[in-house]
Amino acid sequence: MLTNPVTATAHPNIALIKYWGDLNPILHIPANGSISMNLAELFTQTTVSFEQSLEHDQFTLDGKHISGPSLERVSKLLSRVRHRAGIGLYARVESNNNFPTGVGMASSASGFAALTLAATQAAGLELDEKDLYCLARTGSGSACRSIPGGFVEWLAGERDEESYAYSIASSEHWDLVDCIAVVSQDEKLVSSSQGHALANTSLLQASRLADAPRRLDICREAIRQCDFSALAQVAEMDSNLMHAVMITSEPALFYWKPETVRIIQEVQSMHKVDLPVFYTVDAGPNVHVLCEPEVCKEVADTLSQLPGVSQVLQCHPGGPARIENSTI
Ligand code: PMV
């Protein structure tokens with residue numbers, strides 16, 4: 001019975017208020033709460049089966065056999081599932097992204113959300129939602145934001161069971177469009193886990209954290225009221241604060257490329273002509289330019305003509321992670 005494969009799908013998310021730095025790096029309890037929007041057009045699909053014949057966990061990602069630290073991360077989460085379910089079998093994990101992996105487009109968020117859902121179901125575990133979010137969080141912090149649908153807040157908490165996500169509003173609540181200007185598909189040199197560990201070396205992190213509750217309140221309320229200009233202001237500020245911490249860490253972390261700055265400047269010119277648009281950048285050089293749907297064509301066309309922009313992906317708010325098939 002445990003060998004039946006289960007497939008789950010999850011969307012990556014773009015953080016509007018960013019998570020940067022851990023209170024507990026092992027459990028990924030964050031130093032501050034965060035808010036994000038799931039991205040409907042992008043997804044990870046993951047199939048898990050626990051099999052008697054396996055001598056260790058096996059993981060393929062986009063058709064490639066994975067070993068080393070990435071496999072260890074997956075195995076760690078599978079071991080938590082095995083422990084809870086009281087089973088001793090190793091698992092076969094097959095995962096596919098319909099977007100570039102490891103370039104700051106939150107593939108680890110959708111990846112660990114889909115893995116958690118598929119693995120718990122395949123192991124026959126019946127967890128309540130909060131437990132599921134906490135388990136996903138231990139794989140990759142922001143993965144807990146990819147399990148509920150739409151616009152999601154991750155409450156920081158101080159203990160394992162206090163650090164979980166919930167949906168502020170469904171994907172239908174507000175039709176924002178995220179135009180992702182892709183300037184690089186290279187795998188980033190410093191992973192976000194390595195970056196979180198450096199956050200406290202920046203003199204600016206303490207101020208960023210002290211003001212986080214205020215930014216979270218503004219962002220949550222802006223989403224509830226569909227107040228674009230309030231959201232735009234707080235999201236740009238929050239993204240800039242996180243990157244200020246990154247570049248003042250020791251050693252300094254620069255995720256931006258010259259093209260990143262060029263795109264940000266273009267968005268600033270759009271502000272001057274009152275286009276409803278704002279930028280936010282995660283741990284990578286690609287820029288997420290969010291806008292109201294009536295201007296998304298104009299925004300995407302402008303971005304795609306900028307030097308170094310290889311493509312512009314357009315994403316609407318996405319739903320929750322889901323099981324695709326289960327024969328259990
Ligand atoms: O969940 P992680 O460890 O991949 O960290 C995510 C970090 C950022 O994408 C930069 C910010 C965020 O809140 O998603």
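Strand S2 (residues 13–17) and strand S5 pair in the antiparallel sense, and four bridges are found between them. Within this pairing, Ala15 stands opposite Ser36 of S5. The model described here is a predicted one, and the account below follows S5 to its other partner before turning to the cores and the helices.

Strand S5, which spans residues 34–38, also pairs with strand S10, again in the antiparallel sense and over four bridges. Here Ser34 is placed opposite Trp154 of S10. S5 is mostly covered, since five of its five residues are buried. The covering extends to both faces of the strand, with Ser34, Ser36 and Asn38 on one side, Ile35 and Met37 on the other, and each of these residues buried. Such an arrangement can be read against a general pattern, in which the side chains of a regular strand alternate between the two faces of the sheet.

A similar description can be given for S10, which covers residues 151–154: Phe151 and Glu153 point one way, Val152 and Trp154 point the other way, and all are buried. Besides its pairing with S5, S10 is joined by four bridges to strand S11 (residues 165–169), and these two strands run antiparallel. The bridge partner of Glu153 in S11 is Tyr166.

Attention may now pass to the nonpolar interior. In soluble globular proteins, nonpolar side chains tend to be buried together. The largest nonpolar core of this model has 39 residues, and those with the most contacts inside it are Val48, Phe50, Leu78, Val81, Val93 and Leu115. Two or more residues are given to this core by each of several elements, namely strands S1 (6–10), S6 (44–51), S7 (58–61), S9 (90–97) and S10, together with helices H1 (69–85), H2 (107–122) and H3 (129–139). The largest share, eight residues, comes from H2. A second core, separate from this one, has 29 residues, among them Ile168, Leu176, Leu216 and Leu231.

Two of the helices that contribute to the largest core, H1 and H2, also pack against each other, at an angle of about 30° and with their axes 10 Å apart. Because angles under 35 degrees count as roughly parallel, H1 is described as roughly parallel to H2. The crossing in which H1 passes H2 is right-handed. On the side of H1 the contact is made by Arg73, Val74, Leu77, Leu78 and Val81, while on the side of H2 it is made by Ser108, Phe112, Leu115, Thr116, Ala119 and Thr120. Of these contact residues, Leu78, Val81 and Leu115 are also listed among those with the most contacts inside the largest core.

Terms used: Residues are numbered from 1 along each chain as its sequence is written. This is a predicted model: local features need pLDDT of at least 70, side-chain atom pairs count only at pLDDT 80 or more; totals for chains, interfaces and linings use all residues. Side-chain values use heavy atoms; hydrogens and water are left out. Buried means under 20% relative accessible area, exposed over 50%, partly exposed in between (1.4 Å probe, protein chains only). Two strands pair if DSSP finds at least two bridges between them. A nonpolar core is a set of buried Ala, Val, Leu, Ile, Met, Phe, Trp, Tyr and Cys residues joined through side-chain atoms within 4.5 Å. Axes are lines fitted to C-alpha atoms, for helices over the stretch in contact, and angles run from 0 to 180 degrees between N-to-C directions. Angles under 35 degrees count as roughly parallel, over 145 as roughly antiparallel, 65 to 115 as roughly perpendicular and the rest as oblique. A crossing is left-handed if the near helix is turned anticlockwise from the far one by less than a right angle, and right-handed if clockwise. Contact means heavy atoms within 4.5 Å.
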